[in-house]
Each structure stands twice: as structure tokens, then as C-alpha cells.
Amino acid sequence: MAANGNGEFSFGKGTARKGLAKIQTTLSQKNKNEICHDDSGPTVRAQTIDELHSLQRKRSAPTTPIQGTQAQGTFSPISEEERQKQQLQSISASLASLTRETGPRLVRGDPARKAETPRVAADVHHYFTPTISVSDSSLKFTHVLYNLSPAELYEQAIKYEKGSFIASSGALATLSGAKTGRSPRDKRVVRDETTEDELWWGKGSPNIEMDEHTFLVNRERAVDYLNSLEKVFVNDQFLNWDPQHRIKVRIVSARAYHSLFMHNMCIRPTPEELENFGTPDFTIYNAGQFPCNRYTHYMTSSTSIDLNLARREMVILGTQYAGEMKKGLFSVMHYLMPKRQILSLHSGCNMGKDGDVALFFGLSGTGKTTLSTDHNRYLIGDDEHCWSDNGVSNIEGGCYAKCIDLSREKEPDIWNAIKFGTVLENVVFDEHTREVDYSDKSVTENTRAAYPIEYIPNAKLPCVGPHPKNVILLACDAFGVLPPVSKLNLAQTMYHFISGYTALVAGTEDGIKEPTATFSACFGAAFIMLHPTKYAAMLAEKMQKHGATGWLVNTGWSGGSYGYGSRIKLPYTRKIIDAIHSGSLLNATYKKTEVFGLEIPTEVEGVPSEILDPMNTWADKKAYKETLLKLAGLFRKNFETFTNYKIGKDKKLTEEILAAGPIF
């Protein structure tokens, strides 16, 4: 074969008539080394495209042996198939219907991958007692998506959940539906023989009662809904970083968004810990958008969040707001931990380089997040903690930060934590660039980001620390009469802890802006289960035992109420907090204020001395006195709720707490 002048090829003499010569495919040994190196590798083993795709995803099943399987001095690892079967049996037991007394038929994996052979099927019925006729649901498998990774959950959310997108930062932006916040009026707790005496009921309490029968009706509704789905998401995780007191929780949900949220907010088990997870201590059944039956007793809307402490179960119907799971578990910890003489706290917590720990309490707008985030200190946690004989420990494995008006300059740590793996809730973003506009309140003002705590650069891992040295109660006093800082004795610490005071600025009416006092017992009334005085007594006991000091810090107004005075400058507040951390404020000279009887320092380094006594900053001394008495009256009126509850021998402790309040 040769080329002619036109670049075309022609065959040599006789080749056209005889046909093309057979191509030689077998190289002689002599010629083998004369061709280019072939780096294509062996033929892929896959027979189909689906098989090829399955090879792309490397399996990461743990191979550590389960304890107790020793034979002749060596471990006999349980097979992967048997381990997964045991997991599915446990999940099937969790999803057992009360009327049918049996769990659903489960299979691992995504039902969308039809071509793939299911890894392990658990066609397991724990005890066969058919009490109702067979329905279609007993003929189907429910697919279990178990402890998926963030990447897998991203795929599920984007494929199947409308309103899920990848933001430009890499975070998963999603929507929580009609409910963009918690529904405290729809939260119920089963009142039974045990909780009747243990829990705080009645005026001021967040615990709204329901009976066990109604709980079981709602549980059945949620479980039936979850079992009717083609797939459910299951998270097995931990609460409390203290290994001695951690709680095993299982979350069964219908949405990838909820699974990723809880992956971030709870403590993530290692593969080895998952092998030995076993039966959970507490289970959440999150039916999400599926509503409760309005004709069921106690139901006041289509939403119901129900806690049964005896069964260690929680049911969520009619809301897709993920915060219900986080705060529901916090309520559970407020019940379980005090039973172990461990104090559960709604607080931020950080630790200095020398191991000095500080707790920060404060309602929304008091600066709790800002002041507990300190680049010179380690962050133990931003919201939920336990104080045991071992020290402090974070309950959660992540942070749930507010995003409204978030900026890189004001909150660099939160800004940088919003990346791949983070859930962005109800934010608004540019349709093309996917850049989030954090100032946009179109969906809700309650926009949030949920991310693992290790996304914060100065997080202390594991999230535990020694006993606190300082307990800081923050108040944004818009009345402008509380001092910038006061040192509290134990009784005063209990009084102000139970009060949980801050002041909000009301809306404008006829040009007048009037502050509104807000009180939330233990700085988290919506989540406590026992009477506030019980938590306060535990706090005082631990502070006394470990030598902690209580402080009341006002981050609000000075020189007059809102509209007349001015807000205390953040640099001054930071100087006060620094002086508390360093211990220098303990050595200051103090004087006592009237009415509230607070000990205030005469000097703090870096802070103008004249602002330390609020009376000095008011031009109108009469107006100051009137406003001070007004606030004291609001404190006294709020505390009336707690005076009937008697604690301590001969009611002595109750009297001590009351005496620590304002006197006028």
C-alpha cells in the first residue's frame, strides 16, 4: 500500500483482486520489545455499566472484630454480612408497629440503584403475631440508608428533595418547608406515674402534657408513614463527649437534609464504635411533612412533637424544621443527666491556654456567641453542655449558628465554617452564581447553618474540659440600669440564673420606643424538664465544690434606657471578659449597689471607671431611680412563679434565693 501525489492510498499490484492480507496480531518474541509500551492494564471485570459504576465506589466497611468473639486466644471477626444483618435487625425492631408487633422487611441501599444486588436483606420478624390482616406494606422492602456520608447525603438531597442546592461555598442549601422555626406550643410530654412527680408542670413550665395512649397513636402514625416509604434514613450517633456518660441515639427520618443535619449536630461514631452500637438509648421518629391527625386528643394543629421519657422515644409529625430534633434531644438530656447528678446547661463554653474554663449564659442578642468565640481561647461548645464530676463536656458534635446578616468581617469563624458538609437552612441565594445573600429575610429571619464543630479552627477536640472557674450570666439590659459587670455570691447566681433576664427593644408606637423585659428560666426555659430551682441548686453546689465565681455582665445600655443612653461598647465588654478570665477582676475593689445589692468593681483595666456604676452615667438621677425600681418590680413579679416550690432543708435554700433578689 502506497500514497499517490494527492495523498490518497492505492493498493500494490494484485492486492485488490486477492483481497487484503490478514493482519498479523501475534508478535514474535523478537519484535515484542520493538512496539510502544501498552499501559491500558487488564480488562475491567465489570460486565455491565452498573457493575462498572459499582466498582467506582470503594467500600469502606470496618474490619475490626466485635468484642466477645474470641476463640482460642485469637479474634474471630464477624463477617460483614452478619454485622449488617444485625444492624438491620436492630433498625427493624425500632420500626416495629405496635399493632402488628413486627418490624418491616428491610434492605440496605438506595432503591434507585435497581441494577445493583441488595447488599443484605433482613427479612426478619422478631415475633410473628399477626394481629391484623396482611396489607401491601408487608409485601414490600423498606430500603435503609444507614449512616450515609455527607457526600452521599448531598446526592440524595439534590436528586430527590425539591429546594436542595449546592451553594457557591460548597454548603447544602435547603428548605424546611412551612415551619422555619420550632413549634413550642405543639410539643408534648407524656405524663405518667414517674413524670407526674419528677417533671415541672403548670404555670411557667414548657412541659405540656399528653397521655401515653395518644403518644402511641402518634407513634403508630409516624412509623406507618416511615414504613410506607421506599427508603428511610437512619443515623446512629452519640450525645455527650464524656465517654462515661454518653447517650446512644437513633434518628429515623424521611429526608436526606435531616440526616445530614443530625450527622453534623450529634457526635459522629467511628466505624469501630458503630460495629458495637447495639440498641439505642433513645430513638427519634421524624415523619417530617406527614401531619398528625387533628382529631387525635390533645392535638391543636397539624404539627406534634411528642416525648415519651419512659419509652425513650420522640415522635415528630407535621414539621420539617430540623431544630426540633436538636432541641428535643436537649430536653431529653435535661431529664436524663440530672438523674446521674450531672448538670445540663444551655450555655457556651471556652477554655484558656492554662486550662481555665468559662461558661457563658445568655438569651438571644446578649452576645453569647460573640463573647464565647475568642481566638485566644479554645471553644468547647457553643450551646449545650454537661457539668459532671469529670468536668465539662459538650453534648453535641456541631454548631447551629444564626446566619441573618452574617459577614466575613464580623463572624469569620462561622463564615469559614460554611463549606462542603454544612447545611444552610432557608437562606436565599443568587440563581446563577449560587452566592448566598445573608441579609435576605424572604424565607425567614431565622436562617441557620449547621456544621461539625471541627470546622471551627480553635475547637478543642475532644470537646471536654476541667471544672469551670467562671460562670458568666449575660444580659442585654435595654433599661440601662444594670452595671456593666457585677460579682455575684452563690445565692445571687442562683437568683439571676433562675430569672434568665434580658430586655428586648419593642417596636415603635407613636414615636416611643419602650424596652420589654424578657425572662427565660435557666436561660433556656423551653428545654428544661425539672423545676428551675433544681438546676440552680445543682449549679450552686458545683460552683461551691470547685471554687467557681459567678458574674453578671450587662452588654446593653448605659447612660439611659434605649433611645436615650447608648449601648456599652463591645471593646469594653471584651476587656471585662478578659479581666474575668485572667483572674485580675477578683482582686479589684468592690462597692455594693442599692436595690439589686450587686458588687461592682471600682476599676477595670481598659474600661472608663465612670461607666462601671450605672448611676454615674445618667444625667437625670430621678429617672435612673424610677427605672431601677421598675426593673426590680419586673424581676420580683417574674419570680413569683418560683416562690411556691420549696427546696433545701426547712425551705432554707428557697428563702436564701429570694433574699438575693432586689430589695426595695
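# Briefing: a helix, two sheets and selected loop residues

Helix α12 buries A491, Q492, T493, M494, Y495, H496, F497, I498 and S499. The model is predicted. Nine of the 10 residues of α12 are buried, so the helix, which spans residues 490-499, is mostly covered. Two open sheets follow below, one of five strands and one of four. After them come T555, a cis peptide bond at P462, and two non-glycine residues with positive phi, R312 and F523.

**Helix α12 and its ends**

- N489 caps the N-terminal end of α12.
- The cap is made by a side-chain oxygen of N489, which lies 3.2 Å from the backbone nitrogen of A491.
- A491 is also among the buried residues of the helix.
- G500 follows α12. The phi of G500 is positive, near 55 degrees.

**The five-strand sheet**

- The strand order is β8-β9-β24-β27-β23. The sheet is open and its pairing is mixed.
- β8 (165-166) and β23 (398-402) are the edge strands, and each pairs on one side only.
- β8 pairs with β9 (residues 172-174) in the antiparallel sense. Two bridges make up this pairing.
- Within it, F165 stands opposite A173 of β9.

**The four-strand sheet and helix α9**

- Here the order is β17-β21-β22-β28. This sheet is open too, and its pairing is antiparallel.
- Its edges are β17 (343-346) and β28 (464-465), each pairing on one side only.
- β21 (residues 384-388) and β22 (residues 391-394) run antiparallel and are joined by four bridges.
- H385 stands opposite N394 in β22.
- Helix α9 (residues 323-339) lies across β17 and β21. It runs at about 150 degrees to β17.

**The cis proline before β28**

- L461 and P462 are joined by a cis peptide bond. Its omega is about -5 degrees.
- P462 sits in the loop between β27 (448-452) and β28.
- That loop links two strands named above: β27 belongs to the five-strand sheet, while β28 is an edge of the four-strand sheet.

**T555, a buried loop residue**

- T555 is in the loop between β33 (549-554) and β34 (557-558).
- Buried or exposed? T555 is buried, because its relative accessibility is 7% and the cut-off for buried is under 20%.
- The T555 side chain reaches the backbone oxygen of T366 at 2.9 Å.
- Beyond its neighbours within four places in sequence, T555 contacts T366, L371, L474, A475, C476, R567 and T573. T366 thus appears both in this list and as the partner of the T555 side chain.

**Two positive phi values outside glycine**

- R312 is not a glycine, yet its phi is positive, at about 60 degrees.
- R312 lies in the loop between β15 (304-308) and β16 (313-317).
- R312 is partly exposed, because its relative accessible area is 34%, between the 20% and 50% cut-offs.
- F523 is not a glycine either, and it has a positive phi of about 60 degrees.
- F523 lies in the loop between β32 (515-519) and α13 (532-546).
- How does F523 count, as buried or exposed? F523 counts as buried, because its relative accessibility is 2%.

How values were computed:
Residues are numbered from 1 along each chain as its sequence is written. This is a predicted model: local features need pLDDT of at least 70, side-chain atom pairs count only at pLDDT 80 or more; totals for chains, interfaces and linings use all residues. Side-chain values use heavy atoms; hydrogens and water are left out. Buried means under 20% relative accessible area, exposed over 50%, partly exposed in between (1.4 Å probe, protein chains only). A polar contact is a pair of N or O atoms within 3.5 Å; within protein, one must be able to donate a hydrogen and the other to accept it, and residues adjacent in sequence count only if both atoms are side-chain atoms. Two strands pair if DSSP finds at least two bridges between them. Contact means heavy atoms within 4.5 Å. Axes are lines fitted to C-alpha atoms, for helices over the stretch in contact, and angles run from 0 to 180 degrees between N-to-C directions.
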